[in-house]
Amino acid sequence: MTMDLFTEQRPHSIAIAEGACWLPGFALPEMHALWPCVKHHLTAHPPQQMMTPMGYVMSVQTSSMGALGWVSNAQGYGYSPVNPSTNVSWPPLPPVILQLAAEAAGKAGYDQFVPDSCLINVYAPGCKMGLHQDKDEQDFTQPIVSVSLGLPATFLFGGSKRSDKPVKIPLQHGDVVVWGGASRRFYHGVSSVKAGTHSVTGNCRINLTLRKAG
């Protein structure tokens, strides 16, 4: 299944699975405040290429905000209150990101969402994210909010099994995807990002993934 039909005029909310929806352009009204926060953070806390537990270097570069940052090493995937490369605590989530996450989650039917972790993934052209589950968090009743910035990308949203055929969602700058409930641990990923230049982020795609990790 593909959603390429929604190209001329996107509806405000599109259901993609039980408990999951796509909110086209939802973050655009906040971009004047959101992007400076993200840009400042990436300057102060540069993204890094982490190792997978299998010993491979991830093509996507990562940084984090919040009480818990996502990390990966030989011991596995998880969360840490400090940046492993500096041993310094991750900076707190700024109000504009907390508000955006809460409003997007509320629009999808998840009230009072207060994330404690924001993973920032930076995709250069050619980078991708294989199908995976988000399963390192403590409370699976809380949703996940994903915000897209910069270059477009195809988001793959599958099912409870890795073999389930994913829906292909053509994400643009400012789009938000929220999933939880029945689809909270569904497999998802990102197809290889195509080369290009965006007026805000330049030649990359940046994704903010907000979770209640602890």
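Mentor: Contact means heavy atoms within 4.5 Å. Helices (H or I, at least four residues) and strands (E, at least two) are DSSP runs, numbered from the N terminus. This is a predicted model, in which local features need pLDDT of at least 70 and side-chain atom pairs count only at pLDDT 80 or more, while totals for chains, interfaces and linings use all residues. Residues are numbered from 1 along each chain as its sequence is written, and side-chain values use heavy atoms, with hydrogens and water left out.

Trainee: How is H1 set relative to H2?

Mentor: The axes of H1 (residues 31-44) and H2 (residues 95-107) come within 9 Å and cross at roughly 125 degrees. Axes are lines fitted to C-alpha atoms, for helices over the stretch in contact, with angles from 0 to 180 degrees between N-to-C directions. Angles under 35 degrees count as roughly parallel, over 145 as roughly antiparallel, 65 to 115 as roughly perpendicular and the rest as oblique. The crossing angle therefore makes H1, relative to H2, oblique.

Trainee: How many residues of the contact of H1 with H2 are nonpolar?

Mentor: Ala33, Leu34 and Cys37 in H1 meet Val96, Ile97 and Leu100 in H2. Nonpolar covers Ala, Val, Leu, Ile, Met, Phe, Trp, Tyr, Cys and Pro; Asp, Glu, Lys and Arg are charged, and the others, Gly among them, polar. No residue of this contact is polar and none is charged, which leaves the nonpolar count at six.

Trainee: Which element gives the most to the largest nonpolar core?

Mentor: A nonpolar core is a set of buried (under 20% relative accessible area) Ala, Val, Leu, Ile, Met, Phe, Trp, Tyr and Cys residues joined through side-chain atoms within 4.5 Å. The largest has 31 residues, and Leu34, Val147, Ile206 and Leu208 touch the most other members. Elements that each supply at least two residues include H1, H2, strand E10 (144-150) and strand E15 (205-211). With six residues, the element that gives the most is H2.

Trainee: Where is asparagine 87, with its positive phi?

Mentor: Phi of asparagine 87 is near 60 degrees, although the residue is not a glycine. Most residues other than glycine have a negative phi. Asparagine 87 sits in the loop between strand E6 (82-83) and strand E7 (88-89).

Trainee: What is the relative accessible area of glutamine 112?

Mentor: Glutamine 112 also has a positive phi, of about 60 degrees. Glutamine 112 lies in the loop between H2 and strand E8. Exposed means over 50% (partly exposed lies between that and buried; 1.4 Å probe, protein chains only). Glutamine 112 is exposed, at 76%.
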